[in-house]
Amino acid sequence: MKKLILISIVFLIGFGCTNSSNGYSFKALEFSFSNTFETSFSIKLIPGDSLYIREHWSANDIYDSIKRPRSKTNYVSKLNTEQLKTLNRLVSKLTLKEYRDEYFEDYVDGSTYSFWIDKDSIKKQVNVHSYNEVPKELDSLAMWLYKLKLDLALKEIDKKLDFKTAKFVNPPPAPSKRH
(Lines give C-alpha, C1' and ligand atoms only; values in the text may rest on other atoms or scores of the structure.)
Protein backbone atom coordinates (compact mmCIF):
# COMPACT_ATOMS: atom_id res chain seq x y z
CA MET A 1 0.00 0.00 0.00
CA LYS A 2 2.84 2.41 0.86
CA LYS A 3 4.48 1.67 -2.50
CA LEU A 4 1.25 2.48 -4.33
CA ILE A 5 0.93 5.81 -2.50
CA LEU A 6 4.59 6.65 -3.15
CA ILE A 7 4.25 5.81 -6.87
CA SER A 8 1.09 7.93 -7.08
CA ILE A 9 2.81 10.91 -5.47
CA VAL A 10 5.83 10.63 -7.78
CA PHE A 11 3.53 10.37 -10.80
CA LEU A 12 1.50 13.43 -9.78
CA ILE A 13 4.57 15.51 -9.08
CA GLY A 14 6.36 14.45 -12.24
CA PHE A 15 3.50 14.55 -14.73
CA GLY A 16 0.70 16.55 -13.16
CA CYS A 17 1.94 20.02 -14.09
CA THR A 18 2.93 21.54 -17.40
CA ASN A 19 6.09 22.82 -15.75
CA SER A 20 6.36 21.79 -12.13
CA SER A 21 8.71 24.63 -11.23
CA ASN A 22 6.43 27.50 -12.19
CA GLY A 23 3.08 26.40 -13.65
CA TYR A 24 3.89 27.71 -17.13
CA SER A 25 4.13 25.59 -20.28
CA PHE A 26 7.21 27.58 -21.40
CA LYS A 27 10.37 29.11 -19.91
CA ALA A 28 10.13 32.57 -21.51
CA LEU A 29 8.00 34.43 -24.03
CA GLU A 30 8.54 37.66 -25.87
CA PHE A 31 6.14 39.22 -28.37
CA SER A 32 6.29 42.40 -30.42
CA PHE A 33 3.42 43.75 -32.50
CA SER A 34 2.98 46.73 -34.80
CA ASN A 35 0.14 47.88 -36.99
CA THR A 36 -0.08 50.82 -39.32
CA PHE A 37 -2.41 53.24 -37.55
CA GLU A 38 -2.65 52.29 -33.89
CA THR A 39 0.26 50.81 -31.96
CA SER A 40 3.69 49.29 -31.77
CA PHE A 41 4.54 47.44 -28.56
CA SER A 42 6.53 44.59 -27.04
CA ILE A 43 5.66 42.18 -24.22
CA LYS A 44 8.04 40.05 -22.18
CA LEU A 45 6.97 37.36 -19.74
CA ILE A 46 9.40 35.41 -17.64
CA PRO A 47 7.50 32.84 -15.58
CA GLY A 48 7.27 33.68 -11.91
CA ASP A 49 7.78 37.35 -12.72
CA SER A 50 5.60 40.15 -14.02
CA LEU A 51 4.50 40.92 -17.54
CA TYR A 52 6.63 43.73 -18.94
CA ILE A 53 5.40 45.96 -21.76
CA ARG A 54 7.11 48.61 -23.86
CA GLU A 55 4.86 50.89 -25.87
CA HIS A 56 7.15 51.93 -28.73
CA TRP A 57 4.53 54.04 -30.51
CA SER A 58 0.88 54.82 -29.78
CA ALA A 59 -1.75 56.71 -31.72
CA ASN A 60 -3.18 57.66 -28.30
CA ASP A 61 -0.44 60.28 -27.89
CA ILE A 62 -2.58 62.85 -29.72
CA TYR A 63 -5.25 62.68 -26.99
CA ASP A 64 -4.43 64.41 -23.70
CA SER A 65 -7.24 62.62 -21.89
CA ILE A 66 -5.87 59.11 -22.54
CA LYS A 67 -3.20 58.29 -19.98
CA ARG A 68 -1.99 54.86 -21.10
CA PRO A 69 -0.33 53.51 -23.04
CA ARG A 70 1.96 56.34 -24.16
CA SER A 71 4.80 56.11 -26.67
CA LYS A 72 8.33 55.30 -25.51
CA THR A 73 7.07 54.18 -22.10
CA ASN A 74 7.59 50.97 -20.12
CA TYR A 75 4.89 49.30 -18.07
CA VAL A 76 4.41 46.31 -15.79
CA SER A 77 1.31 44.24 -15.19
CA LYS A 78 0.25 40.86 -13.81
CA LEU A 79 -1.80 38.08 -15.36
CA ASN A 80 -4.76 36.79 -13.43
CA THR A 81 -5.39 33.04 -13.12
CA GLU A 82 -7.76 32.88 -16.09
CA GLN A 83 -5.37 34.82 -18.34
CA LEU A 84 -2.52 32.53 -17.30
CA LYS A 85 -4.58 29.43 -18.11
CA THR A 86 -5.47 30.81 -21.54
CA LEU A 87 -1.85 31.76 -22.26
CA ASN A 88 -0.63 28.31 -21.23
CA ARG A 89 -3.25 26.66 -23.42
CA LEU A 90 -2.33 28.75 -26.45
CA VAL A 91 1.44 28.33 -26.00
CA SER A 92 1.09 24.58 -25.41
CA LYS A 93 -0.44 24.26 -28.90
CA LEU A 94 2.69 25.70 -30.55
CA THR A 95 5.03 23.26 -32.28
CA LEU A 96 8.07 25.50 -32.64
CA LYS A 97 10.24 23.03 -34.53
CA GLU A 98 7.66 22.92 -37.36
CA TYR A 99 7.53 26.69 -37.90
CA ARG A 100 9.63 28.67 -40.34
CA ASP A 101 11.68 31.56 -38.99
CA GLU A 102 9.73 34.03 -41.11
CA TYR A 103 6.38 34.33 -42.85
CA PHE A 104 6.59 37.35 -45.15
CA GLU A 105 4.43 38.94 -47.83
CA ASP A 106 5.33 42.15 -49.62
CA TYR A 107 2.66 44.66 -48.57
CA VAL A 108 2.89 48.06 -46.90
CA ASP A 109 0.00 48.46 -44.45
CA GLY A 110 -1.19 45.92 -41.96
CA SER A 111 0.11 44.10 -38.92
CA THR A 112 3.54 42.73 -38.19
CA TYR A 113 4.49 40.60 -35.22
CA SER A 114 7.34 38.56 -33.85
CA PHE A 115 7.59 35.88 -31.15
CA TRP A 116 10.62 34.63 -29.26
CA ILE A 117 9.76 31.58 -27.19
CA ASP A 118 11.75 29.20 -25.02
CA LYS A 119 9.64 26.04 -24.87
CA ASP A 120 10.35 22.30 -24.87
CA SER A 121 14.13 22.87 -24.99
CA ILE A 122 13.71 24.95 -28.17
CA LYS A 123 14.47 28.66 -28.32
CA LYS A 124 13.00 30.17 -31.45
CA GLN A 125 12.06 33.49 -32.98
CA VAL A 126 9.29 33.60 -35.59
CA ASN A 127 8.62 36.81 -37.54
CA VAL A 128 5.29 37.37 -39.29
CA HIS A 129 4.34 39.97 -41.90
CA SER A 130 1.81 37.94 -43.83
CA TYR A 131 -1.89 37.20 -44.11
CA ASN A 132 -1.43 33.80 -45.73
CA GLU A 133 0.30 30.56 -44.78
CA VAL A 134 0.79 31.59 -41.15
CA PRO A 135 0.07 28.71 -38.75
CA LYS A 136 -3.26 29.39 -37.06
CA GLU A 137 -1.76 28.71 -33.62
CA LEU A 138 0.66 31.63 -34.08
CA ASP A 139 -2.08 33.96 -35.27
CA SER A 140 -4.37 32.92 -32.40
CA LEU A 141 -1.68 33.63 -29.80
CA ALA A 142 -0.73 36.93 -31.45
CA MET A 143 -4.32 38.20 -31.51
CA TRP A 144 -4.92 37.04 -27.94
CA LEU A 145 -1.81 38.92 -26.72
CA TYR A 146 -2.84 42.01 -28.69
CA LYS A 147 -6.29 41.98 -27.05
CA LEU A 148 -4.79 41.13 -23.64
CA LYS A 149 -2.67 44.29 -23.68
CA LEU A 150 -5.81 46.38 -24.23
CA ASP A 151 -7.39 44.96 -21.05
CA LEU A 152 -4.40 45.04 -18.68
CA ALA A 153 -4.00 47.46 -15.82
CA LEU A 154 -0.65 49.03 -16.72
CA LYS A 155 1.69 50.56 -14.16
CA GLU A 156 4.40 52.82 -15.56
CA ILE A 157 7.95 51.83 -14.59
CA ASP A 158 11.46 53.24 -15.09
CA LYS A 159 13.06 49.81 -15.61
CA LYS A 160 15.07 49.49 -18.85
CA LEU A 161 13.59 46.80 -21.08
CA ASP A 162 15.24 45.15 -24.08
CA PHE A 163 13.34 43.11 -26.65
CA LYS A 164 14.87 40.86 -29.31
CA THR A 165 11.62 40.83 -31.24
CA ALA A 166 11.27 44.63 -31.48
CA LYS A 167 13.90 44.76 -34.22
CA PHE A 168 11.49 43.06 -36.61
CA VAL A 169 8.52 45.36 -36.01
CA ASN A 170 10.24 48.74 -35.43
CA PRO A 171 10.05 50.29 -37.89
CA PRO A 172 7.67 48.12 -39.89
CA PRO A 173 9.25 46.42 -42.92
CA ALA A 174 9.92 48.86 -45.75
CA PRO A 175 8.06 48.46 -49.03
CA SER A 176 10.04 46.96 -51.89
CA LYS A 177 11.47 49.21 -54.59
CA ARG A 178 9.12 49.51 -57.53
CA HIS A 179 10.46 49.74 -61.04
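Visitor: Hello! Let me start with K160: is this residue buried or exposed?
Guide: Welcome! Keep in mind that this is a predicted model. The relative accessible area of K160 is 64%. The cut-off for the upper class is over 50%, so K160 counts as exposed.

Visitor: Which residue forms a salt bridge with K160?
Guide: Side chains of opposite charge can pair when their charged atoms come close. For K160, the closest N and O atoms of the pair are 2.9 Å apart. The partner has 49% relative accessibility, which makes it partly exposed. That partner is D162.

Visitor: How many salt bridges are there in total?
Guide: A pair counts when a side-chain nitrogen of Lys or Arg lies within 4 Å of a carboxyl oxygen of Asp or Glu. D61 and R70 meet this rule at 3.9 Å, N to O. D61 is partly exposed at 30% relative accessible area, and R70 is partly exposed at 23%. By this rule, the count of salt bridges comes to 7.

Visitor: D120 is in a salt bridge too; which residue is its partner?
Guide: The closest N and O atoms in this pair are 2.9 Å apart. D120 is exposed at 56% relative accessibility, whereas its partner is buried, with a relative accessible area of 5%. The partner of D120 is K119.

Visitor: Let's turn to the sheet. What is the order of its strands?
Guide: The sheet is open, has 8 strands and shows mixed pairing. β5 (102-104) and β8 (155-157) are the edge strands, since each pairs on one side only. From one strand to the next, the twist averages 15°. The order is β5-β7-β6-β1-β2-β3-β4-β8.

Visitor: How many bridges join β2 to β3?
Guide: Strands of a sheet pair through backbone hydrogen bonds, either parallel or antiparallel. β2 covers residues 39-45 and β3 residues 51-58, and these two run antiparallel. In this pairing, S40 stands opposite W57 in β3. The number of bridges joining β2 to β3 is 7.

Visitor: At about what angle does helix α3 run to β1?
Guide: Helix α3 spans residues 136-151. This helix lies across several strands, including β2, β3, β6 (111-119) and β7 (122-129). Its angle to β1 (28-35) is about 80°.

Visitor: Now E55: is this residue buried or exposed?
Guide: E55 is found in strand β3. Its contacts beyond four places in sequence include F41, P69, R70 and Y75. With a relative accessible area of 0%, which is under the 20% cut-off, E55 is buried.

Visitor: Which side chain makes a polar contact of 2.9 Å with the side chain of E55?
Guide: The side chain of E55 has a polar contact of 2.7 Å with that of T39. The 2.9 Å contact joins E55 to another side chain, that of K149.

Visitor: One last residue, L90: how far is its C-alpha from that of L138?
Guide: L90 is found in helix α2 (residues 81-92) and is buried at 9% relative accessibility. Setting aside residues up to four places away in sequence, L90 touches S140, L141 and W144. L90 and L138 are 48 residues apart in sequence, and their C-alpha to C-alpha distance is 8.7 Å.

Terms used
Residues are numbered from 1 along each chain as its sequence is written. This is a predicted model: local features need pLDDT of at least 70, side-chain atom pairs count only at pLDDT 80 or more; totals for chains, interfaces and linings use all residues. Side-chain values use heavy atoms; hydrogens and water are left out. Helices (H or I, at least four residues) and strands (E, at least two) are DSSP runs, numbered from the N terminus. Axes are lines fitted to C-alpha atoms, for helices over the stretch in contact, and angles run from 0 to 180 degrees between N-to-C directions. Contact means heavy atoms within 4.5 Å. Buried means under 20% relative accessible area, exposed over 50%, partly exposed in between (1.4 Å probe, protein chains only). A polar contact is a pair of N or O atoms within 3.5 Å; within protein, one must be able to donate a hydrogen and the other to accept it, and residues adjacent in sequence count only if both atoms are side-chain atoms.
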